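Student: I have a model open and want to learn how to read its features. Where should we begin?

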Amino acid sequence: MRENNRLINPKKNSVMALILLFIIILPFLVGDYEIYILILCIYYMVQSESWNLLAGYAGLFNMAQHTSAALAAYASGLLCIYFSLPPILTIFPAIVVAGLVSWFIGQFTIKMESYYLSLTTWGFAVIFHILIVMNWQITGGNLGLEVPYFLGSIRSGVAYYFLFLFSAIAMILIMYKIVNGKLGLYLKAIRDDELAAAVMGVDVFKTRKTIFIYTGLISGFFGVLYGHYMGVLTPNIMGWEKIFIIILSVTIGGKGSFLGPLFGAILIKILSELLRWTGEAQWIVFGILLIVTMKFSRGGIEMILKKIYLKYLKGEDKK
Amino acid sequence: MISIELIIKLTITGIMMGIIYALMATGITLIYSIMKIINWGMGEYFMIGSYIHYFVVTYIFGMPWYLAIFIAFIVNFIIGILVERYLLNDMFIKDVGKPFDYASIITIGLMFIFRNLFTVFAGTFIYTPPALISQNITIGNTIINGTKFVAAIITFIIYILFYVFIKKTWIGRALQATAQNRIGVQADGINPFKMDELAFGLGCALTGAVGAIVAPLFMVYPTVGGICTMKGFLIIVIAGAGSIHGVLIGGIILGLSETLGGLFINPSWTSIYGYIFLVLMLFVRPRGLFGEKLRKA
């Protein structure tokens with residue numbers, strides 16, 4: 001009942017409506033390049049959130065998050081090219097590929113301890129990267145693979161913005177349902193105490209594997225959208241930088257909170273645009289930011305905002 | 001044409017590369033076994049070692065290359081100790097959530113900082129230091145690259161020294177004890193935090209030293225550490241973390257699978273054979289060849 005009351009809270013609803021209006025009007029106010037940045041923001045929001053489900057909720061420090069996205073993008077692109085199908089049809093087999101890849105990696109790694117899991121998932125990420133580069137006759141290798149655009153001849157940024165926006169809203173709602181449903185409850189129990197959760201009847205491996213495959217599917221879906229938006233796929237999309245940006249966004253936003261990574265992704269993307277002129281030096285700034293956040297405020301932005309809210313708006317002390 | 005001489009030559013090369021790879025993994029396995037973390041930025045210490053080699057040999061006139069190994073060892077030791085003391089030590093004494101996640105995120109951040117510091121200040125150029133020795137080595141009637149041979153010999157000496165240090169000296173045994181039981185060693189008057197610092201510093205120093213040794217083979221550029229990280233982690237997964245003699249065998253398996261796989265199957269796929277081994281190993285022994293099952297307190 002309380003949930004329902006919160007939903008029809010008029011003050012909150014008006015704020016939500018304003019935010020929604022702002023998001024819808026936003027692409028009409030800015031130029032093409034800014035729309036491109038916004039679309040990347042949305043892409044990283046979804047990727048960060050799905051990595052957060054693994055690392056923050058399930059306790060799986062997965063280093064192959066970007067791989068399922070990249071492989072799905074390649075699968076879709078190759079299907080488009082070799083069978084001359086439109087992207088709208090290849091998106092489903094591509095998501096199945098992402099799911100299979102996640103299942104395959106999960107099959108090996110889920111039962112491992114955290115460090116082995118990280119190392120092995122990272123190993124798979126490198127294997128697939130090498131395979132894509134090596135099979136250049138098929139995948140184009142480092143030269144890149146030109147894939148058809150998702151919306152065909154419509155090249156307007158606004159259309160892509162809304163495509164990404166509505167897909168992202170759908171995916172984030174699905175993830176919200178997962179987190180607040182039965183599976184999320186299991187995940188939180190496992191995160192807090194694996195042994196206690198197992199004793200209480202939670203099937204730890206099954207739960208972890210389910211979430212591993214779910215996040216693989218979500219990440220794969222957005223990988224396909226990203227590939228067909230960019231129009232060209234390079235092995236770069238499986239590079240270290242991609243997983244670094246995801247980890248950074250989640251850490252800055254607050255690992256283990258639902259809204260944190262979404263804000264973190266936006267913040268990092270904007271920061272990366274502001275620092276673009278510095279070239280490689282932006283990674284130094286990001287690295288320092290990551291370490292400082294981890295050392296001094298583990299909860300990220302979410303924790304800081306919560307503290308400020310409790311202290312000044314509610315007038316409560318820390319405890 | 002596959003001849004006996006070629007097989008012998010590639011076997012010797014594979015073993016030599018394996019020894020070099022093994023020392024790359026030794027630092028990772030040392031840090032893992034004491035602190036139970038993975039240092040993702042391990043390759044960056046390797047890269048720093050390579051740059052020190054190039055700097056010493058090229059800019060400081062008259063300095064021999066073997067001095068670079070000592071300098072790289074000491075510099076990396078100091079960096080490692082500082083990183084452990086001021087960044088990683090928090091994971092044992094403060095509430096940081098999962099210690100492994102904390103350490104992973106910190107080391108990934110450090111990796112990007114170091115790598116891009118060198119990109120910004122030294123540029124993305126590929127520097128080539130002069131070879132360690134100019135002539136080739138002839139064993140029987142097989143000719144082997146002299147630099148590779150010398151590098152493998154020095155690496156092996158360092159590996160043996162490290163092995164003796166761990167097995168015979170008091171500090172080495174204290175490290176072993178800390179790896180087995182962090183709480184138990186405190187009853188014997190060993191400070192586990194000091195052991196953490198030592199292990200992290202030593203691991204970084206060993207990796208830096210091997211970076212300085214093989215700089216003429218692997219060249220010197222900001223992302224050269226990726227090779228070290230890749231081979232090191234591969235060996236850890238094949239051999240099982242926490243075993244010092246395991247990494248030598250794992251390294252030799254990796255070196256041989258690269259050279260012989262290149263000979264018998266396809267030379268352009270050399271970097272993939274190690275991973276094929278990894279996947280096979282995961283089927284047969286998910287904890288690696290020499291990995292011990294983690295005891296939970």
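Tutor: We go through the interface, the salt bridges, a surface patch and two buried residues. Keep in mind that this is a predicted model.

Student: How is the size of an interface given?

Tutor: The size is often given as the accessible area lost when the parts come together. Here, chain A and chain B bury about 4,100 Å² between them. Carbon and sulfur atoms account for 78% of that area.

Student: Which residues of chain A lose the most area to chain B?

Tutor: Tyr115(A), Tyr116(A) and Leu119(A). Together they make up 17% of what the chain A side buries.

Student: How many residues are in contact across the two chains?

Tutor: On the chain A side, 39 residues; on the chain B side, 46.

Student: And how many polar links are there between chain A and chain B?

Tutor: Three residue pairs are in polar contact, both residues being at pLDDT 80 or more. Several helices of chain A build its side of the interface. Helix H6 (114-134), helix H12 (240-253) and helix H14 (281-296) each supply at least two residues. H6(A) gives the largest share, 14 residues.

Student: Now the salt bridges. How many does the structure hold over all chains?

Tutor: There are 11 over all chains. Two of them are between chain A and chain B.

Student: Where do the partners of the Lys255(A) and Asp101(B) pair lie?

Tutor: Lys255(A) is in the loop between H12 and helix H13 (260-274) of chain A, and Asp101(B) is in helix H5 (residues 99-122) of chain B, so the pair joins two chains. The closest N and O atoms are 3.1 Å apart.

Student: How do I judge whether Asp101(B) is buried or exposed?

Tutor: Use the relative accessible area; buried means under 20% and exposed means over 50%, with partly exposed in between. Asp101(B) has a value of 4%, so Asp101(B) is buried. Lys255(A), at 27%, is partly exposed.

Student: What about the salt bridge of Asp90(B) and Lys295(A)?

Tutor: Their side chains meet at 2.6 Å, N to O. Asp90(B) sits in helix H4 (residues 90-93) of chain B and Lys295(A) in helix H14 of chain A, so this pair also joins two chains. Asp90(B) is buried at 7% relative accessible area. Lys295(A) is partly exposed at 21%.

Student: Which other residue forms a salt bridge with Asp90(B)?

Tutor: Lys94(B) does, with the closest N and O atoms 3.5 Å apart. Lys94(B) counts as partly exposed, at 46% relative accessibility. Read the two bridges together: Lys295(A), Asp90(B) and Lys94(B) are linked in a network.

Student: Let us turn to the surface. Which residues form the nonpolar patch?

Tutor: Look for Ile81(A), Tyr82(A), Phe83(A), Leu85(A), Ile88(A), Leu89(A) and Ile138(A). Their accessible area together is about 690 Å². Helix H4 (65-83) and helix H5 (87-109) of chain A each give two or more residues to the patch. The largest share, three residues, comes from H4(A).

Student: Why does Ile81(A) count as partly exposed?

Tutor: Its relative accessible area is 35%, and partly exposed runs between the 20% and 50% cut-offs. Ile81(A) belongs to helix H4 of chain A.

Student: Next, a buried residue. What surrounds Tyr226(A)?

Tutor: Set aside residues up to four places away in sequence. Tyr226(A) then touches Leu40(A), Tyr43(A), Phe164(A) and Ile237(A). Tyr226(A) is part of helix H11 (residues 204-230) of chain A. Its relative accessible area is 10%, so Tyr226(A) is buried.

Student: How far apart are the C-alpha atoms of Tyr226(A) and Val179(A)?

Tutor: They are separated by 25 Å, with the two residues 47 apart along the chain.

Student: One case from chain B, please. Where does the side chain of Ser257(B) reach?

Tutor: To the backbone oxygen of Leu254(B), at 2.9 Å. Ser257(B) lies in helix H12 (residues 244-264) of chain B. Ser257(B) is buried, with a relative accessible area of 12%. Beyond four places in sequence, Ser257(B) touches Gly262(B), Tyr273(B), Gly274(B) and Phe277(B).

Conventions
Residues numbered from 1 in each chain as written. Chains lettered and ligands numbered in written order. Predicted model: local features only at pLDDT ≥ 70, side-chain atom pairs only at ≥ 80, totals over all residues. Heavy atoms only, no water. Patch = residues over 30% accessible without salt bridge, like charges linked within 9 Å, V, L, I, M, F, W, Y side chains within 5 Å. Areas by Shrake-Rupley, 256 points an atom, 1.4 Å probe, with all protein chains shown as cover. Salt bridge = Lys/Arg side-chain N within 4 Å of Asp/Glu carboxyl O. Helix = DSSP H or I, 4+ residues; strand = E, 2+ residues; numbered from the N terminus. Buried < 20%, exposed > 50% of the residue type's maximum accessible area, 1.4 Å probe, protein only. Contact = heavy atoms within 4.5 Å. Buried area = accessible area lost by both parts, 1.4 Å probe. Polar contact = N/O pair within 3.5 Å; in protein donor to acceptor, adjacent residues only side chain to side chain.
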